Amino acid sequence: LEIAVEEKATGEISAGAGVGTDGTSFMFAVSENNWLGKGIKLNTALNVSEEKVSGNIFVNNPNYNYSNNSVFASLEVSSTDMLKSSGYESSNTGFSLGTEFEQYENVYLSPSLTAMYEDIEVDSTASSTVKKMDGTYTNLDFGYALIFDRRNQPFQTTEGYRTSFSQVIPIIQDSSSIKNGFDYSGYKDFSEDIIAVTRFSARTIHGLDDEDVRITKRLFIPQSKLRGFGAGKVGPKDGTDWVGGNYTTTLGFEAQLPNLLPESTRTDVSVFMDNGNIWGVDYNGAIDDTNEFRSSVGVSANVFTTVGPLSFTLAHALSKSTNDETEAFNFRLGTSF
């Protein structure tokens with residue numbers, strides 16, 4: 001009996017940038033899948049745009065104390081400067097701790113606790129609505145997710161589906177809100193050359209005790225679910241600022257073509273169509289809530305080069321609201337260690 005062991009890289013350093021119709025954004029991330037040699041996953045990220053700087057650290061032990069249950073923790077810090085456009089700036093610091101375990105066969109439960117501290121400062125140029133939000137806020141939220149996972153494998157899935165329902169409920173109420181979410185992803189391999197993927201998501205957020213949702217807690221569509229549009233630059237607009245919505249939905253179709261190019265090129269290609277909507281402005285009924293259908297088509301590729309993985313996306317917006325900003329090209333370059 002011969003056992004051959006080949007050492008492989010378990011970490012990755014990546015950097016990326018987005019170029020769109022309204023400036024650029026940058027990101028830098030470091031991930032390690034075998035931290036301390038114990039299979040612990042460690043991810044850190046830094047995102048920089050013209051108005052916001054944010055960073056986070058995420059640690060996940062997928063087999064805590066050999067129990068087959070995962071335990072995770074995260075720390076997030078962000079600073080947003082909207083003084084020139086909206087007359088306010090905010091800083092946010094938060095910490096979360098949670099776990100995930102298989103309650104029944106293919107049914108997982110993931111409870112967590114999140115503590116957040118936010119400081120919002122306004123100046124004389126802010127609107128009356130924004131001035132009402134001046135102050136500091138401390139929140140302790142209980143969140144949970146119920147997950148039904150029937151995928152054949154979590155990485156490079158080719159068959160099955162995954163459905164989840166999530167909710168965030170405030171324990172300490174300080175201008176708090178309740179958030180609900182639903183996600184579905186389905187996979188079907190038509191051949192070794194084509195894997196069809198369908199993804200759907202929906203989110204809602206509402207303030208408690210008839211209060212409006214804090215402007216810094218409103219919903220935005222993640223850029224990964226609506227490619228071809230600027231991050232955080234889709235939906236209702238208050239003056240020159242995107243303020244998010246109370247509701248979001250996305251629906252995406254993707255055809256993954258892992259064998260489109262010769263194996264020697266080490267390139268994964270996919271074509272996609274993304275659709276989404278974001279609407280609802282509870283704090284000001286006079287603002288256009290942009291309840292309009294958005295869609296985009298494009299192609300994305302992951303190229304595994306000698307210096308590391310290179311990912312890029314080319315997208316074209318088919319329909320959009322007058323408030324939305326598009327982003328035709330996005331790329332990320334990384335290296336392994």
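1. Let's start with the surface. In this predicted model, the protein chain exposes about 18800 Å². Carbon and sulfur atoms supply 56% of that exposed area. As for the interior, buried residues make up 34% of the 337 residues in the chain.

2. Next, the overall build. The secondary structure of the protein chain comes to one helix and 18 strands. Its radius of gyration is 21 Å, close to the 20 Å that the globule rule gives for 337 residues, so the chain is as compact as a globular protein of that length. If you turn the model to follow its principal axes, the C-alpha trace spans about 75 × 45 × 35 Å.

3. How do the contacts reach along the sequence? Take the contacts between residues at least 6 apart in sequence: 54% of them join residues at least 24 apart.

4. Now the charges. You can find 25 positive and 44 negative side chains in the protein chain. The centres of these two sets lie 1 Å apart.

5. A good pair of strands to look at is E10 (residues 177–189) and E11 (residues 195–207), which run antiparallel and are joined by 13 bridges. Together E10 and E11 form a hairpin, with five residues between them. To see one pairing for yourself, pick glycine 181: its bridge partner in E11 is arginine 203.

6. Which strand pairs with E11 over ten bridges? That is strand E14 (residues 247–257), and this pairing is antiparallel. Here you could look for serine 201, which stands opposite threonine 250 in E14. E11 therefore has E10 as a partner as well as E14, going by the definition of paired strands as having at least two bridges between them.

7. Is serine 90 buried or exposed? Serine 90 lies in strand E6 (residues 88–104), and its relative accessibility is 8%. Because the cut-off for buried is under 20%, serine 90 counts as buried. Leaving aside neighbours within four places in sequence, serine 90 is in contact with Ser78, Ser79, Thr80, Glu118, Asp119, Ile120 and Thr216.

8. Finally, visit a loop. Threonine 290 lies between strand E15 (267–279) and strand E16 (294–304), in the loop that links them. Threonine 290 is buried, with a relative accessible area of 0%. Which residues does threonine 290 touch, not counting those up to four places away in sequence? They are Gly235, Pro236, Asn277, Ile278, Trp279, Ser321 and Asn323.

How values were computed:
Residues are numbered from 1 along each chain as its sequence is written. This is a predicted model: local features need pLDDT of at least 70, side-chain atom pairs count only at pLDDT 80 or more; totals for chains, interfaces and linings use all residues. Side-chain values use heavy atoms; hydrogens and water are left out. Helices (H or I, at least four residues) and strands (E, at least two) are DSSP runs, numbered from the N terminus. The radius of gyration is taken over C-alpha atoms; the globule rule is 2.2 Å times the number of residues to the power 0.38. Buried means under 20% relative accessible area, exposed over 50%, partly exposed in between (1.4 Å probe, protein chains only). Contact means heavy atoms within 4.5 Å. Accessible areas come from the Shrake-Rupley method with a 1.4 Å probe; for residues, only the protein chains shown count as cover. Lys and Arg count as positive and Asp and Glu as negative; His and the chain ends are not counted. The place of a charge is taken as NZ of Lys, CZ of Arg, CG of Asp or CD of Glu.
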